[in-house]
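Biologist: I'm new to this one, so could you walk me through it slowly?
Modeller: Gladly; have a look at it first, and then ask whatever you like.

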Amino acid sequence: MVKITFIDADGTARTAEGEEGATVMETAIRNDIPGIVAECGGACACATCHVYVDEEWKEVVGEPSPMEEDMLDFASDVRPTSRLSCQIRITPELDGLVVHTPKHQG
Ligand code: FES
């Protein structure tokens, strides 16, 4: 299992264990992490699973695909570290990953 920490807009941190091959969004939903809505269920079609990847993890997580980039246009307050968490697949390298959830989704 891979540990992922979600920090909300108020600074509260919650750590969940994700399975390799699952996504960061699925891990959040399975563990009742607030701040991730995931309306489309992971189809890269809603942008309500928006997160900010912690600066220290930005390179490990990598850049969004062109399709994800297009969908991110629908998220609010997009920043250079923005990603859609349904498009981040969990690998062993992501153990300890930190992401920040935005104040609002959509
Ligand atoms: S869950 Fe809809 S874009 Fe990620």
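Biologist: Let me start with a single residue: in which loop does Asp-32 lie?
Modeller: Keeping in mind that this is a predicted model, Asp-32 sits in the loop that runs between α1, residues 24-30, and β3.

Biologist: And what is phi of Asp-32?
Modeller: Phi is near 55° there, which is a positive value in a residue other than glycine.

Biologist: Is Asp-32 buried or exposed?
Modeller: Asp-32 counts as exposed, because its relative accessibility is 68% and the cut-off for that class is over 50%.

Biologist: Which loop holds Cys-44, and what is its phi?
Modeller: Cys-44 is also a residue of the loop between α1 and β3, and its phi, near 60°, is a positive value in a residue other than glycine.

Biologist: Buried or exposed, that Cys-44?
Modeller: Cys-44 is buried, since its relative accessible area is 5% and buried means under 20%.

Biologist: While we're on cysteines, how many disulfides are there in the whole structure?
Modeller: A search of the whole structure finds zero disulfides. As for where other cysteines lie, Cys-49 counts as buried with 2% relative accessibility, and Cys-86 is buried as well, with a relative accessible area of 6%.

Biologist: Switching topic, in what order do the strands of the sheet come?
Modeller: Five strands form an open sheet, and reading across it the order is β2-β1-β5-β3-β4, with mixed pairing. The edge strands are β2, residues 13-18, and β4, residues 82-84, each of which pairs on one side only. On average, and ignoring direction, neighbouring strands of this sheet are turned by 40° against each other.

Biologist: How many bridges join β3 to β4, and do they run parallel or antiparallel?
Modeller: Strand β3, which covers residues 50-53, is joined to β4 by three bridges, and the two strands run antiparallel.

Biologist: Which residue of β4 is the bridge partner of Val-51?
Modeller: The bridge partner of Val-51 in that strand is Arg-83.

Biologist: One last spot: where does Thr-23 lie, and is it buried or exposed?
Modeller: Thr-23 is placed in the loop between β2 and α1, and at 3% relative accessibility this residue counts as buried.

Biologist: What is Thr-23 in contact with, leaving aside its neighbours within four places in sequence?
Modeller: With those neighbours set aside, Thr-23 is in contact with Ser-85, Cys-86, Ile-88, Arg-89 and Ile-90. You have already met one of these, Cys-86, as a buried residue.

Key: Residues numbered from 1 in each chain as written. Predicted model: local features only at pLDDT ≥ 70, side-chain atom pairs only at ≥ 80, totals over all residues. Heavy atoms only, no water. Pairing = 2+ DSSP bridges. Helix = DSSP H or I, 4+ residues; strand = E, 2+ residues; numbered from the N terminus. Axes fitted to C-alpha atoms, helices over the stretch in contact; angles between N-to-C directions. Disulfide = S-S within 2.5 Å. Buried < 20%, exposed > 50% of the residue type's maximum accessible area, 1.4 Å probe, protein only. Contact = heavy atoms within 4.5 Å.
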